[in-house]
Amino acid sequence: MKSTVYFTKTITPEGVLKLYRALGKELSGNVAIKLHSGEVGNQNFLKPDFWKPVIDAVGGTVVECNTAYEGERNTTEKHLKTLEKHGWSKYFKVDLLDAEGPDMELEIPEGKAIKKNFVGKNLANYQSMLVLSHFKGHPMGGYGGAIKQLSIGVASSYGKGYIHGVGDPADFWNSDHDSFLRAMADAASSVVTYLKGNIAYINVMKNMSVDCDCCAVAEDPCMKDIGILASLDPVAIDQACLDLVYASDDPGRDHLVERIESRNGVLTIEAAAALGYGVREYELVTLD
């Protein structure tokens with residue numbers, strides 16, 4: 001079976017809402033809106049006004065978790081100030097899922113690299129999730145998209161270290177790289193299972209730097225914007241984004257591809273598909 005991935009080249013706030021509505025998915029109960037709050041100093045992250053129409057339409061709460069490395073988002077106090085500085089708390093209800101411990105522990109019996117995941121305990125307050133991802137490169141993962149938002153993004157500060165260290169937070173920077181990628185896929189599966197699949201995904205291929213929005217000092221975008229994608233399948237939507245990058249004739253394409261391939265980024269998609277919470281085969285439905 002192929003998954004459906006909707007696509008538009010028109011990158012506007014209204015385009016995001018149009019693609020979300022095309023999914024025909026009603027997110028029930030309290031809806032967590034998972035997005036990237038942006039590290040202070042980063043110039044590429046997608047701002048509140050871009051996401052506002054879809055967040056207002058869904059009526060959910062913007063959720064984030066603290067980081068596991070130095071910066072302006074690694075403590076609750078600093079992260080709340082960043083959320084205010086970047087305008088998130090001005091427009092939306094905001095919830096730092098791991099603002100206070102203890103973390104919620106999710107089991108991953110089928111996990112290949114890790115068997116448990118640590119997420120902010122406030123995840124218990126939500127029944128569904130809208131995952132809003134800025135698709136771009138990433139210094140460790142090769143690329144950042146829906147699967148990364150589900151895994152590293154929903155993980156608590158401790159959980160981020162646990163995934164990066166493949167079960168050993170003390171090994172954050174030195175763990176086996178491919179095992180780290182598999183750990184991301186494992187962690188994402190636990191969130192899908194916990195929310196019983198009540199999740200919708202939007203990836204925006206805009207401001208595509210080789211660096212993540214977590215970088216205070218990031219390269220400027222290296223290739224032209226491509227479009228917006230929406231799906232109910234996190235594997236298919238990330239695969240479609242990679243395919244669109246590879247199909248591009250933009251001069252900056254090779255720089256982004258080098259970042260993805262040098263970090264073996266596709267392994268995260270392969271590992272996620274092997275766990276069965278998505279498929280790599282998709283039908284791209286263009287709504288322009």
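Before we start, a quick definition: a helix axis here is a line fitted to C-alpha atoms over the stretch in contact, and the angle between two axes runs from 0 to 180 degrees between N-to-C directions. Keep in mind that you're working with a predicted model.

**Exercise 1. Work out how H7 and H10 sit against each other, and name the residues that touch.**

Solution.

Step 1: get the geometry. The axes of H7 and H10 cross at roughly 45° and come within 8 Å.

Step 2: turn the angle into a word. Under 35 degrees would count as roughly parallel, and 65 to 115 as roughly perpendicular. H7 and H10 are therefore oblique to each other.

Step 3: add the hand. H7 and H10 make a right-handed crossing.

Step 4: list the contacts. H7 brings Asp178, Leu181, Arg182, Met184, Ala185, Asp186 and Ser189, while H10 brings Leu267, Thr268, Ala271, Ala272 and Leu275.

Step 5: sort them by class. Seven residues of this H7 and H10 contact are nonpolar, two are polar and three are charged.

**Exercise 2. Now do the H8 and H10 pair: which orientation word fits, and which residues meet?**

Solution.

Step 1: start with the numbers again. Helix H8 (residues 234–247) packs on helix H10 (residues 266–275) at an angle of about 150°, and their axes are 10 Å apart.

Step 2: apply the cut-off. Angles over 145 degrees count as roughly antiparallel, so H8 and H10 are roughly antiparallel to each other.

Step 3: check the hand. H8 passes H10 in a left-handed crossing.

Step 4: find the partners. On the H8 side you'll see Val235, Asp238, Gln239 and Leu242, and they meet Val266, Ile269, Ala272 and Ala273 of H10.

Step 5: tally the classes. The contact of H8 with H10 holds six nonpolar residues, one polar and one charged.

**Exercise 3. Look inside: how many cavities of 30 Å³ or more are there, and what lines the largest?**

Solution.

Step 1: count. Searching the whole structure turns up three cavities of 30 Å³ or more.

Step 2: take the largest cavity. Its volume is about 50 Å³, and its walls come from His36, Ser133, His134, Lys136, Gly144, Gly145, Lys148 and Gln149.

Step 3: map the lining onto elements. Strand E7 (128–134) and helix H5 (146–153) each give at least two residues to the lining of the largest cavity.

Step 4: check its character. That lining has no nonpolar residues, six polar and two charged.

Step 5: try the second largest cavity, which holds about 40 Å³ of space. Lining it are Leu35, His36, Phe45, Leu46, Trp51, Leu132, Ser133, His134 and Asp213. E7 supplies the largest share of them, three residues. By class, you get five nonpolar, three polar and one charged.

**Exercise 4. Turn to the largest pocket: which helix gives the most to its lining?**

Solution.

Step 1: get the volume. The largest pocket contains about 310 Å³ of space.

Step 2: find the middle. Of the 23 lining residues, Tyr69, His138, Lys148, Ile152 and Cys214 lie nearest the centre of the pocket.

Step 3: see who contributes. H5, helix H6 (157–164) and helix H7 (177–194) each supply at least two lining residues.

Step 4: pick the top one. H5 gives the most, with four residues.

Step 5: finish with the classes. The pocket lining splits into 12 nonpolar, six polar and five charged residues.

Notes
Residues numbered from 1 in each chain as written. Predicted model: local features only at pLDDT ≥ 70, side-chain atom pairs only at ≥ 80, totals over all residues. Heavy atoms only, no water. 1 Å grid on protein atoms, 1.4 Å probe; cavity = no way out; pocket = protein on both sides within 12 Å on 5 of 7 lines; lining within 4 Å. Points joined across faces, edges and corners; volume = space filled by probe spheres on them. Nonpolar A, V, L, I, M, F, W, Y, C, P; charged D, E, K, R; others polar. Left-handed = near helix turned anticlockwise from the far one by under 90°. Contact = heavy atoms within 4.5 Å.
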